[in-house]
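Me: Could you take a close look at one part of this structure for me? I would love a connected account of a single helix and the residues around it.

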Amino acid sequence: MQVNTVEKLASVGAFGLWAALHGWLGWLAVLYAICMLLDCVTGTALAVKEKTWNSSKARKGLWHKGGSTIMICVSVLTDIFLGLVINHVLGLQLPFDYDMLLTPVVLTWYIATELGSILENAAEMGAPVPPVLREVLEKVHKASDRKDTMASAGHQDE
């Protein structure tokens with residue numbers, strides 16, 4: 001039992017140290033990881049409650065989360081690329097150094113999506129949902145659906 005407690009403390013400490021070293025962006029990454037884990041737990045709990053748990057559906061969800069993580073890595077690489085180009089191109093002088101722009105936006109979008117999914121899972125399990133929280137997450141969800149639809153439509157034209 002003590003080993004399990006030590007492992008938990010070490011994990012929390014590692015997350016905290018990493019986030020502290022990376023500032024607010026690190027905290028966004030930690031928040032996203034926690035939201036992903038909580039979504040997996042609530043989704044699994046809901047499926048078990050409704051007796052609809054399916055291993056292939058669970059794997060599909062994990063693949064989806066893996067793809068989301070890859071997209072976050074792509075946003076980090078894109079920010080690094082843009083920073084190198086913008087900060088080092090001759091003749092281009094900005095009043096600031098480009099550091100990160102896309103990564104916080106992408107992380108925020110994925111966090112909002114995960115929070116919406118957690119909210120849906122909790123509501124389906126019977127938890128009362130404060131109306132203001134539901135409204136905020138519905139607006140975020142509608143906005144993200146609109147962007148997904150536009151991106152899909154543009155992709156089909158290619």
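Reply: Happy to. A residue counts as buried under 20% relative accessible area, as exposed over 50%, and as partly exposed in between. With a relative accessible area of 30%, W109 is therefore partly exposed. This is a predicted model, and W109 leads us into helix α3, which covers residues 102–124.

The helix has 23 residues and reaches 33 Å from its first C-alpha to its last, close to the 33 Å expected at 1.5 Å a residue. Among its buried residues are T103, P104, L107, Y110, I111, E114, I118 and N121. After α3 comes G126, with a positive phi near 110 degrees.

Some of these buried residues join the largest nonpolar core, a set of ten: L25, L28, Y32, C35, M36, I72, L107, Y110, I111 and I118. Both α1 (2–49) and α3 supply at least two residues of this core, and its largest share, five residues, comes from α1. I72, also in the core, touches Y32, V106, L107 and Y110, leaving aside residues up to four places away in sequence.

Now for the rings: there are two aromatic pairs. Y32 and Y110 make a tilted one, 5.9 Å centre to centre with 45 degrees between the planes. Because Y32 lies in α1 and Y110 in α3, this pair ties together parts that are 78 residues apart in sequence. Y110 counts as buried at 13% relative accessibility, and so does Y32 at 4%. W109 and Y110 form an edge-to-face pair, because their ring centres are 4.9 Å apart and their planes are at 65 degrees. Y32, W109 and Y110 thus make up one aromatic cluster.

Methods:
Residues numbered from 1 in each chain as written. Predicted model: local features only at pLDDT ≥ 70, side-chain atom pairs only at ≥ 80, totals over all residues. Heavy atoms only, no water. Helix = DSSP H or I, 4+ residues; strand = E, 2+ residues; numbered from the N terminus. Expected span 1.5 Å × (residues − 1). Buried < 20%, exposed > 50% of the residue type's maximum accessible area, 1.4 Å probe, protein only. Core = buried A, V, L, I, M, F, W, Y, C linked by side-chain atoms within 4.5 Å. Contact = heavy atoms within 4.5 Å. Phe/Tyr/Trp six-rings, centres within 6.5 Å; stacked < 30°, edge-to-face > 60°.
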